Amino acid sequence: MSKPIVAVVGRPNVGKSTLFNALAGERISIVKDTPGITRDRIYADSEWLGRPFTMIDTGGIEPDSGDIILSRMREQAQIAIDTADVILFMVDVRQGLQDADSKVADLLRRSRKNVILVVNKVDDFEKFMADVYEFYNLGMGDPVAISSKNKLGLGELLDELVKYFPEGNESEEEEDERPKVAIVGKPNVGKSSIINKLLGQERLIVSDVAGTTRDAVDAVAVHDGREYVFIDTAGLRRKNKIKEELEHYMILRTVAAVERADVVLVVIDATEGITEQDAKIAGIAHDRGKGIIIVVNKWDAVEKDDKTIYRFTEDVKDVLSFLSYAEVMYVSAKSGQRLLKLYDSIDAVLQNCTLRVATGVLNEIITEAVAMVQPPADKGKRLRIYYATQVSVKPPTFVIFVNDKKLMHFSYLRYLENRIREAFGFAGTSLRFLIRERKEK
């Protein structure tokens with residue numbers, strides 16, 4: 001079952017990012033920075049009372065100057081509203097009820113989404129509670145008073161939040177065993193064209209999956225008797241040239257689609273080349289341990305010589321160095337070139353994402369690797385690897401028991417990962433490693 005998505009919405013400077021970081025806690029600092037990915041993430045995974053969820057910090061909504069900004073406010077707010085399962089609507093007790101708050105509340109009220117009104121900067125409950133009551137005028141239900149800076153009232157807020165999460169056994173998606181494939185990428189790289197071509201060539205009736213609240217369209221295709229659910233994240237148009245806003249809401253939609261997917265097709269425009277924005281989008285799928293295929297579209301529109309594909313592949317590997325395990329496919333949605341081969345690649349990645357390695361065989365590989373390259377040492381103490389076992393799939397996750405996890409240098413762990421990949425493949429999927437200490441007997 002995909003994790004619920006919680007969007008934090010409100011005017012600028014009401015404390016959205018501060019709340020985002022407070023709820024993310026140490027989780028956001030533990031996530032390693034993927035090369036090419038901006039450090040100021042706008043999404044993070046969190047958990048409360050055993051209920052995981054994804055938070056999205058949506059940035060400030062400014063409805064206070066001119067029709068263009070007002071329309072932009074509606075567009076951006078609507079994207080956040082459409083994508084989220086629950087919305088945290090933040091206001092500022094020190095600034096009091098503003099006209100802009102009322103306008104945002106009108107948008108949220110019409111959405112029929114679950115909304116929690118959060119009154120921030122309440123550092124002293126006795127002093128500010130009278131001011132908190134003013135926000136009842138928004139008609140958004142009982143306000144929850146917090147101080148995101150001082151982390152006051154966050155427990156009560158999270159208790160209220162998880163009430164809106166669906167129970168695990170109520171999810172229809174959990175019982176749906178059809179492969180779910182998200183197609184992500186920058187605007188106008190050909191995401192919808194790829195899906196339409198696949199559906200057209202298969203000559204099937206496209207059926208929209210009912211009940212989805214995400215800003216994405218699900219289309220069902222059948223290939224060789226197997227159904228595939230394609231999740232298209234198209235719809236965002238480049239209506240203005242404000243880069244931050246464009247990236248912000250494109251990522252918001254991408255997170256929602258990736259969260260539901262088993263395999264992610266990261267589509268790159270061959271005529272534009274690989275960019276840092278492509279890396280940011282790919283990083284979302286990588287961080288969540290999804291199966292990944294890099295799809296270079298519009299390959300028919302590129303002038304080629306005998307080294308073109310080699311140079312482009314090297315550029316992809318350079319910018320997306322953290323996706324060294326992912327296959328790069330060159331296709332054309334316009335002509336249909338190599339598109340049907342995507343199904344074979346999707347099937348292979350799905351198989352690798354769910355591959356389980358027998359514990360005995362895994363330890364044989366690690367023993368051989370240790371014999372070939374001695375583990376690192378520090379201050380006379382050498383890393384000893386006692387035992388390893390696979391504990392889960394999607395992505396394949398391994399626990400390695402050692403004498404001192406501080407001695408497990410990143411480079412040596414990468415060496416072990418490479419040996420495991422050489423032995424078992426795992427193409428198209430990331431591998432996760434958990435290092436645990438065990439006292440020597």
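**Exercise 1. A charged pair in helix H14**

Is Arg414 buried, partly exposed or exposed, and at what relative accessibility? Work this out for the predicted model, then do the same for the partner of Arg414 in its salt bridge with Glu417.

*Solution.*
- Step 1: Take the arginine. Its relative accessibility is 35%. Buried requires a value under 20% and exposed a value over 50%, so Arg414 counts as partly exposed.
- Step 2: Turn to the partner. Glu417 has a relative accessible area of 14%, and therefore it is buried.
- Step 3: Check the pairing. The side chains of Arg414 and Glu417 meet at 3.8 Å, N to O. The cut-off for a salt bridge is 4 Å, so the pair qualifies.
- Step 4: Place the pair on the backbone. Both residues belong to helix H14 and lie 3 residues apart, about one turn of the helix.
- Step 5: Look for a network elsewhere. Lys3, Glu259 and Arg288 are joined into one by salt bridges that share partners.

**Exercise 2. Two more salt bridges**

Find the closest N and O distance for Glu160 with Lys163 and for Arg311 with Asp305, and classify the exposure of each of these residues.

*Solution.*
- Step 1: Recall the principle. Side chains of opposite charge can pair when their charged atoms come close.
- Step 2: Read the distances. In the salt bridge of Glu160 with Lys163, the closest N and O atoms are 3.2 Å apart. For Arg311 and Asp305, the closest N and O atoms are 3.2 Å apart.
- Step 3: Classify one pair. Glu160, with a relative accessible area of 25%, is partly exposed, while Lys163 reaches 60% and is exposed.
- Step 4: Classify the other. Arg311 is partly exposed at 41%, and Asp305 is partly exposed at 43%.
- Step 5: Put the pairs in context. The count of salt bridges comes to 18.

**Exercise 3. The two sides of helix H13**

Compare the length of helix H13 with its expected span, then decide where its buried residues sit around the axis.

*Solution.*
- Step 1: Test the length. H13 covers residues 359-372, and its 14 residues should span 20 Å at 1.5 Å a residue. The C-alpha atoms at its ends are 20 Å apart, so the two values agree.
- Step 2: List the buried residues. They are Leu362, Asn363, Ile365, Ile366 and Ala369.
- Step 3: Use the arc. These residues cover only 155 degrees around the axis, which puts them on the same side of H13.
- Step 4: Look at the other side. There, Glu364, Thr367, Ala371 and Met372 are exposed.
- Step 5: Identify the cover. Strand S15 (385-392), strand S16 (397-402) and helix H14 (410-424) are included in what covers the buried residues of H13.

**Exercise 4. Helix H4 and the residue after it**

Repeat the analysis for helix H4 (residues 99-111), and inspect the backbone just after it.

*Solution.*
- Step 1: Test the length. H4 has 13 residues and reaches 19 Å from its first C-alpha to its last, close to the 18 Å expected.
- Step 2: List the buried residues. These are Ala100, Asp101, Val104, Ala105, Leu107, Leu108 and Ser111.
- Step 3: Use the arc. They cover only 160 degrees around the axis, so they lie on the same side of H4.
- Step 4: Look across the helix. Asp99 and Arg110 are exposed on the other side of H4.
- Step 5: Move past the end. Arg112, just after H4, takes a positive phi of about 60 degrees.

**Exercise 5. The nonpolar cores**

Which elements each supply at least two residues of the largest nonpolar core, and which residues have the most contacts inside that core?

*Solution.*
- Step 1: Start with the core itself. The largest nonpolar core has 34 residues, and Val264, Phe312, Leu320 and Leu323 have the most contacts inside it.
- Step 2: Assign the elements. At least two residues each come from strand S7 (180-185), helix H9 (243-260), strand S10 (263-269), helix H10 (276-287), strand S11 (291-297) and helix H11 (308-319).
- Step 3: Rank the contributions. H10 gives the most to this core, with 5 residues.
- Step 4: Follow one residue. Leaving out residues up to four places away in sequence, Leu323 touches Ala282, His286, Ile292 and Ile294.
- Step 5: Find the separate core. Another core, of 26 residues, lies apart from this one and includes Ile195, Ala221, Leu339 and Leu350.

Definitions and conventions. Residues numbered from 1 in each chain as written. Predicted model: local features only at pLDDT ≥ 70, side-chain atom pairs only at ≥ 80, totals over all residues. Heavy atoms only, no water. Core = buried A, V, L, I, M, F, W, Y, C linked by side-chain atoms within 4.5 Å. Buried < 20%, exposed > 50% of the residue type's maximum accessible area, 1.4 Å probe, protein only. Helix = DSSP H or I, 4+ residues; strand = E, 2+ residues; numbered from the N terminus. Contact = heavy atoms within 4.5 Å. Expected span 1.5 Å × (residues − 1). Arc of directions from axis to C-beta.
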